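Work through the exercises below with the sequence and the structure at hand. Each task is followed by a solution in steps.

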Amino acid sequence: MSTRKARRTVVTGIGVVAPNGTNTEAFWKRTQEGMSVLGRVTREGCEDLPLHIAGEVRGFDPVALIEERYLVQTDRFTHFAMAAADMALDDARLGRADYEERPFGVGVVTAAGSGGGEFGQRELQKLWGQGSTYVGPYQSIAWFYAASTGQISIRGGFKGPCAVVASDEAGGLDAIAHADRSVRRGTDAVVVGAAEAPLAPYSVVCQLGYRDLSAAEDPTRAYRPFTSDACGFVPAEGGAMFVVEEVESARERGARVRAEVAGHAATFTTAAHWEESREGLAHAIEGALREAGCAPDEVDVVFADALGSPAADRAEALALADALGPHSRRVPVTAPKTGIGRAYCGGPVLDAAAAVLAMENGLVPPTPNVFEVCHDLDVVTERARPAELRTALVLSRGLMGSNAALVLRRPA
Amino acid sequence: MTERLTYEELAALMKKGAGLSVDPREMENRSETPFDEFGLDSLGLLGIVAVLENRHGQPLPADADRCKTPREFLDLVNNSLMTGA
């Protein structure tokens, strides 16, 4: 048995529900092809709002994937999370037989920033349209940030440490760090990740006040970080879930070790003051590398936050220069989210999924719709770039001031 | 309205409100079995109480949502509707 100190956390399962694919294989295929799926917002009630372009998850049929008793009491964001969790568990080959003797050994951690807006709006319309007695009881739980953690835990019978991280968009990475700490403290495995469904009328209206939300109408021009045409970001829905577990017990049960969760750090800077995120993000990168025992020039690929507004992009490029030194100009930087949009907390976990797949495939996926980069970064554009990738750095910032960095490594 | 609540209607309410497929005849045969075993939790029963109150335009007794079994619930609802309480 490994000692407490030596416990290390690895990814053994990945599940994805994204605008460019409702399973991991489809997501990776389109991500490495650099295909953009950004398009007009078509979700009911959103068509006439002044948000024109988004990354919608299409072809996702929750009825085919999730039992009706869970569907009636959950929002779309939890449907995504439950479906992605099932895929991650299948991928990890972690079935009930593996944990029913030790249900307290498996926990669940999710992050959420948007909550269940669609479900909540429906019930609030009943409140004001018909009266308080017409509001269903599941309104009390479905909108809530913690809903996905709770429902995944109940549905799977996971009785280990459960948590929800509400720390802004970068919370997606913080959730993975939380799960890592839980494993290092003795939990066998954690189902961890984030999924969001912010493309419902109420949720979209809440976002319209974001200064950095792209108002563009052309899907090829709406989200182009690191270019002189950067005009904000495009929101998206979807996310990813992982199974992470202690490396020795993963190997003992014959699981495929896909990546190591090597380091993480998070900081907080002033909301909407992107220039301050330079220092915060640099500090997070340095902290994550330190925890990983990783020198700056060992970073083989950066999955950028890529917010898409000039000040935010500049701050991120400078943060990379501050933290990585001259290596920041050589390391390949990518932002596949320009092809699918930013799914809030789901965004950085989709990047983490892409980072694991990139390392496995020796391929840095490109940054769709981005061509002429106006920062001192080697942004991978147009087509995927073959490379030997042992260490990936994933970055995320939130609109409210959170900054986080995660280091993932190929298993030794 | 004094229409009695039947097992068929209760099963339909459980389907619509809580997404549960329960055979009404089985529920009638096992009417002393706790709701839990049919998959109905306390929030689910609370929702059914609200639907019935809206449908009949009158409140049910305050402990309606604490009934443990289908039999207990049907007796309480039907007694309440009969007396117009």
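A residue counts as buried if 20 or more other C-beta atoms lie within 10 Å of its own, as exposed if 12 or fewer do, and as partly exposed in between. The model is predicted.

**Exercise 1. Burial and overall form of the chains**

Task: State what share of the residues is buried in chain A and in chain B, then set the radius of gyration of each chain against the globule rule.

Solution.
Step 1. In chain A, 59% of the 412 residues are buried.
Step 2. In chain B, buried residues make up 32% of the 85 residues.
Step 3. The globule rule is 2.2 Å times the number of residues to the power 0.38. For 412 residues a compact globule would have a radius near 22 Å, and the 20 Å of chain A agrees with that. For 85 residues the expected radius is near 12 Å, and chain B has 12 Å, which agrees.
Step 4. The C-alpha trace of chain A spans about 65 × 55 × 35 Å along its principal axes. For chain B the spans are about 30 × 25 × 20 Å.

**Exercise 2. Secondary structure and contact range**

Task: Count the helices and strands of chain A and chain B, and give the share of contacts between residues 24 or more positions apart.

Solution.
Step 1. Chain A has 14 helices and 15 strands.
Step 2. Chain B has 5 helices and 0 strands, and its elements run α-α-α-α-α from the N terminus on.
Step 3. Take the contacts with a separation of 6 or more. In chain A, residues 24 or more positions apart account for 80% of them; in chain B, the corresponding figure is 51%.

**Exercise 3. The two domains of chain A**

Task: Give the bounds of the domains of chain A and describe the side of domain 1 that touches domain 2.

Solution.
Step 1. The domain assignment gives domain 1 (9-258) and domain 2 (260-409).
Step 2. The C-alpha centres of the two domains of chain A lie 21 Å apart.
Step 3. The contact takes 62 residues from domain 1 and 61 residues from domain 2.
Step 4. On the domain 1 side, the elements that give two or more residues are β1 (9-17), α1 (24-33), α9, β6 (189-196) and β7 (238-246) of chain A. The largest share, 7 residues, comes from α9(A).
Step 5. By class, the domain 1 side divides into 31 nonpolar, 21 polar and 10 charged residues.

**Exercise 4. A helix pair in chain A**

Task: Classify the crossing of α9(A) and α14(A) and list the residues that make the contact.

Solution.
Step 1. The axes of helix α9 (residues 171-184) and helix α14 (residues 346-361) of chain A come within 6 Å and cross at roughly 60 degrees.
Step 2. Angles from 65 to 115 degrees count as roughly perpendicular and those under 35 as roughly parallel; α9(A) is therefore oblique to α14(A).
Step 3. A:Gly172, A:Leu173 and A:Ile176 take part from α9(A), and A:Gly346, A:Gly347, A:Pro348, A:Val349 and A:Ala352 from α14(A).
Step 4. The classes in this contact are 5 nonpolar, 3 polar and no charged residues.

**Exercise 5. Loop residues of chain A**

Task: For A:Leu38, A:Phe144, A:Asp168 and A:Phe226, decide whether each is buried, partly exposed or exposed.

Solution.
Step 1. A:Leu38 is found in the loop between α1 and β2 (39-40) of chain A. With 26 other C-beta atoms within 10 Å, A:Leu38 is buried. Beyond its neighbours within four places in sequence, A:Leu38 has contacts that include A:Ile53, A:Pro219, A:Tyr223 and A:Gly339. A:Pro235 is 197 residues away from A:Leu38 along the chain, yet their C-alpha atoms are separated by 9.5 Å.
Step 2. A:Phe144 lies in the loop between α7 (139-142) and α8 (147-156) of chain A. A:Phe144 has 19 C-beta neighbours inside 10 Å and so counts as partly exposed. From A:Phe144 to A:Thr78 the C-alpha distance is 10.0 Å, at 66 residues apart in sequence.
Step 3. A:Asp168, in the loop between β5 (162-165) and α9 of chain A, has 24 other C-beta atoms within 10 Å and is therefore buried. Its phi is positive, about 75 degrees, although A:Asp168 is not a glycine.
Step 4. A:Phe226 belongs to the loop between α10 (201-207) and β7 of chain A. A:Phe226 is buried, with 26 other C-beta atoms within 10 Å, and its phi is near 65 degrees, a positive value in a residue other than glycine.

**Exercise 6. The contact between the chains**

Task: State how many residues each chain gives to the contact and which helix of chain B gives the most.

Solution.
Step 1. The contact takes 10 residues from chain B and 9 residues from chain A.
Step 2. On the chain B side, helix α4 (residues 42-56) gives the most, with 6 residues.
Step 3. The chain B side has 5 nonpolar, 4 polar and 1 charged residues.

Terms used. Residues numbered from 1 in each chain as written. Chains lettered and ligands numbered in written order. Predicted model: local features only at pLDDT ≥ 70, side-chain atom pairs only at ≥ 80, totals over all residues. Contact = placed C-beta atoms within 7 Å. Helix = DSSP H or I, 4+ residues; strand = E, 2+ residues; numbered from the N terminus. Nonpolar A, V, L, I, M, F, W, Y, C, P; charged D, E, K, R; others polar. Axes fitted to C-alpha atoms, helices over the stretch in contact; angles between N-to-C directions. Parallel < 35°, antiparallel > 145°, perpendicular 65-115°, else oblique. Domains from an automatic or database assignment.
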